[in-house]
Amino acid sequence: MNQTITFIGGGNMASAIIGGILGANLAAKELITATAKTEQTLASLKERFGICTTSDNEAAVKDADIIFLAVKPYLFPEIITQIKNAVKQDAIIVSIAAGQTITAVESMFGKEIKLVRAMPNTPALVGEAMSAVCANPNITEEELSLIISIFNSFGKCEVITESMMDVVIGVSGSSPAYVYMFIEAMADAAVADGMPRAQAYKFAAQSVLGSAKMVLETGRHPGELKDNVCSPGGTTIEAVAVLEQQGLRNAVITAQRACVRKSKDMSK
């Protein structure tokens, strides 16, 4: 692709996306610009990726074909005020902020824009993100395919309706935190039974990784895969029975739905 790409904000998520784009050879480093507030961040981005950097948001977007808004949601009014008059009419704007709806972002720009709302998650940092995207009516199918190719460069991406974005935040945006807690608890149990801490984390994390891969690559129902591990009268079914007794499923469902409610409240 020959499009010029600008990232407003040079934090972890922007870095993950830039790394994905360059790793997949979707764009040359000379076509990518990132902005940041501190000289330290700018220097780090330039050294790591060899891209163009600047602290001037307005200058960075003037010639950009694709603009990623990669700043915290509360900064959107300030940042958009800085750049809205400099953005090209046909530029594609990609927002990756929780709580900022398509309508809200359009309103801040105060004019017709091409807008994609996206929600990646932190496994983007290791090339294994789960991202969701939705677009306003001004985005063409070809343009949406282009944005999807970018998000697929550092994980997997699905197109959704915006009404599902809060659900996405619950099931993938915030869920790495739930998984880390599960891994930590498994490791704690292994440590309690005598395994060294570092080794316990490796056993637990690799088991979660492998189990997830089984679901994705076999296409089999998680319940079926669980049943295949549970031998009659064996060790696994003993553990599963305790997890059911302690309410693992209900705890996960209740927590995730609370996350979705919070996301909906943030969008109001």
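**Exercise 1. The span of helix α12**

What span should the 19 residues of helix α12 (residues 248–266) have at 1.5 Å a residue, and how far apart are its end C-alpha atoms?

*Solution.* The structure is a predicted model, in which local features need pLDDT of at least 70, side-chain atom pairs count only at pLDDT 80 or more, and totals for chains, interfaces and linings use all residues. Residues are numbered from 1 along each chain as its sequence is written, and side-chain values use heavy atoms, with hydrogens and water left out.

Step 1. Helices (H or I, at least four residues) and strands (E, at least two) are DSSP runs, numbered from the N terminus.

Step 2. The expected span is 1.5 Å times one less than the number of residues. For the 19 residues of α12 the expected value is therefore 27 Å, and the end C-alpha atoms, 27 Å apart, agree with it.

Step 3. A pair inside the helix can be examined as well: Leu248 and Lys262, 14 residues apart along the chain, have C-alpha atoms separated by 21 Å.

**Exercise 2. The two sides of α12**

Determine which residues of α12 are buried and which are exposed, and how they are arranged around the axis.

*Solution.* Step 1. The classes rest on relative accessible area: buried is under 20%, exposed is over 50%, and partly exposed lies in between (1.4 Å probe, protein chains only).

Step 2. Cys259, Val260 and Ser263 are the buried residues of α12. These residues cover an arc of only 95 degrees around the axis, so they lie on the same side of α12. The arc is taken from the directions that lead from the helix axis to the C-beta atoms.

Step 3. An α-helix has 3.6 residues a turn, so residues three or four places apart point the same way.

Step 4. Asn250, Arg257 and Lys262 are exposed on the other side of α12. Leu248, also found in α12, counts as partly exposed because its relative accessibility is 35%.

Step 5. The packing partners of the buried residues of α12 are α7 (165–173) and α8, where contact means heavy atoms within 4.5 Å.

**Exercise 3. The surroundings of Ser175 and Ser15**

Describe the location, burial and contacts of Ser175 and of Ser15.

*Solution.* Step 1. Ser175 belongs to helix α8 (residues 175–192). With 12% relative accessibility, Ser175 counts as buried.

Step 2. The side chain of Ser175 comes to 3.4 Å from the backbone oxygen of Ser172. When neighbours within four places in sequence are left aside, Ser175 contacts Ile169 and Gly170.

Step 3. Ser15 lies in helix α1 (residues 12–23) and is buried, with a relative accessible area of 8%. With neighbours within four places in sequence again left aside, Ser15 is in contact with Gly10, Leu45, Arg48 and Phe49.

**Exercise 4. The order and sense of strands β4 to β8**

Trace the pairing from β4 to β8, giving the sense of each pair.

*Solution.* Step 1. Two strands pair if DSSP finds at least two bridges between them. Strand β4 (residues 66–69) and β5 (residues 92–95) run parallel, joined by four bridges; Leu69 stands opposite Ser95 in β5.

Step 2. β5 and β6 are likewise parallel, over four bridges, and Ile93 has Leu115 in β6 as its bridge partner.

Step 3. β6 (residues 114–119) pairs with β7 in the antiparallel sense over four bridges; here Ala118 is matched with Val133 in β7.

Step 4. β7 and β8 (residues 155–159) run parallel, with five bridges, and Ala132 is matched with Glu158 in β8. Helix α6 (residues 141–152) carries the chain from β7 to β8 in a right-handed β-α-β crossover. Right-handed denotes a path from the first strand over the helix to the second that runs clockwise, with the strands pointing away from the viewer.

Step 5. Right-handed β-α-β units are also made by β4, helix α4 (residues 76–83) and β5, and by β5, helix α5 (residues 102–109) and β6.

**Exercise 5. The enclosure of β5 and β7**

Establish how the residues of β5 and β7 are covered.

*Solution.* Step 1. In a regular strand the side chains alternate between the two faces of the sheet.

Step 2. In β5, Ile92 and Val94 on one side and Ile93 and Ser95 on the other are all buried, and both faces are thus covered.

Step 3. In β7 (residues 129–135), five of the seven residues are buried, so the strand is largely enclosed by the rest of the structure.

Terms used: Polar contact = N/O pair within 3.5 Å; in protein donor to acceptor, adjacent residues only side chain to side chain.
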